[in-house]
Amino acid sequence: MRSRINRGTPERPGLVFALVAGGSCRGVVYRIARSRAERELERLWLRAMPTGVYDPRLLAARTPHGVVPALAFTLSRSSKNFTGHIADTE
């Protein structure tokens, strides 16, 4: 996806990997203590959603302890920031 804030500017957008429907990734699932959940979610939301480009979703995440629900910020293919396939030179 094109990023005009964290990895670029409005004039020169940068590129960022994004989760799209049908895809998958390997990563880390963080468990947040219930007593800290509201504050941590607030901080996460401020970081991930300043422009509203993502679609927040609860997805099934496979872990060594089984499948758990996890909040993920996904990108719609209809988003103006979605690049689709781009050439390496770009």
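How many helices and strands are there in the protein? In this predicted model, the count comes to 1 helix and 4 strands. Followed along the sequence, these elements give the pattern β-β-α-β-β. The C-alpha atoms occupy a box of roughly 45 × 25 × 20 Å along the principal axes. The protein has 90 residues, and 19% of them count as buried.

With this outline in place, we can turn to the open spaces. The largest pocket has a volume of about 2300 Å³. Its lining is made up of 50 residues, and those closest to the pocket centre are Leu-19, Val-28, Leu-71, Ala-72 and Phe-73. Several elements take part in this lining: strand S1 (2–3), helix H1 (34–48), strand S3 (55–63) and strand S4 (66–74) each contribute at least two residues. The largest share belongs to S4, which supplies 7 residues. Sorted by class, the lining of the largest pocket consists of 30 nonpolar, 11 polar and 9 charged residues.

The second largest pocket holds about 200 Å³ of space. Residues from several stretches of the chain meet around the second largest pocket: Met-1 is part of the lining, as are Leu-15, Val-16, Phe-17, Ala-18 and Val-20. Leu-75 also belongs to this lining, and the remaining members are Phe-82, Thr-83, Gly-84, His-85 and Ile-86. In terms of class, 9 of these lining residues are nonpolar and 3 are polar, with no charged residues present. Charged residues do appear in the lining of the largest pocket, where there are 9.

The surface is worth a look as well. A nonpolar patch is formed there by Leu-41, Leu-44, Trp-45, Leu-58 and Leu-71, which together have about 460 Å² of accessible area. Helix H1 gives the most to this patch, with 3 residues. Leu-58, another member of the patch, is located in strand S3. This leucine has a relative accessibility of 67%, and Leu-58 therefore counts as exposed, the cut-off being over 50%. Leu-71 links two parts of this description: Leu-71 belongs to the nonpolar surface patch and is also one of the residues closest to the centre of the largest pocket. Helix H1 and strand S3 likewise recur, since H1 and S3 each supply at least two residues to the lining of the largest pocket, while H1 provides 3 residues of the patch and S3 contains Leu-58.

Technical notes. Residues numbered from 1 in each chain as written. Predicted model: local features only at pLDDT ≥ 70, side-chain atom pairs only at ≥ 80, totals over all residues. Heavy atoms only, no water. 1 Å grid on protein atoms, 1.4 Å probe; cavity = no way out; pocket = protein on both sides within 12 Å on 5 of 7 lines; lining within 4 Å. Points joined across faces, edges and corners; volume = space filled by probe spheres on them. Nonpolar A, V, L, I, M, F, W, Y, C, P; charged D, E, K, R; others polar. Patch = residues over 30% accessible without salt bridge, like charges linked within 9 Å, V, L, I, M, F, W, Y side chains within 5 Å. Areas by Shrake-Rupley, 256 points an atom, 1.4 Å probe, with all protein chains shown as cover. Salt bridge = Lys/Arg side-chain N within 4 Å of Asp/Glu carboxyl O. Buried < 20%, exposed > 50% of the residue type's maximum accessible area, 1.4 Å probe, protein only.
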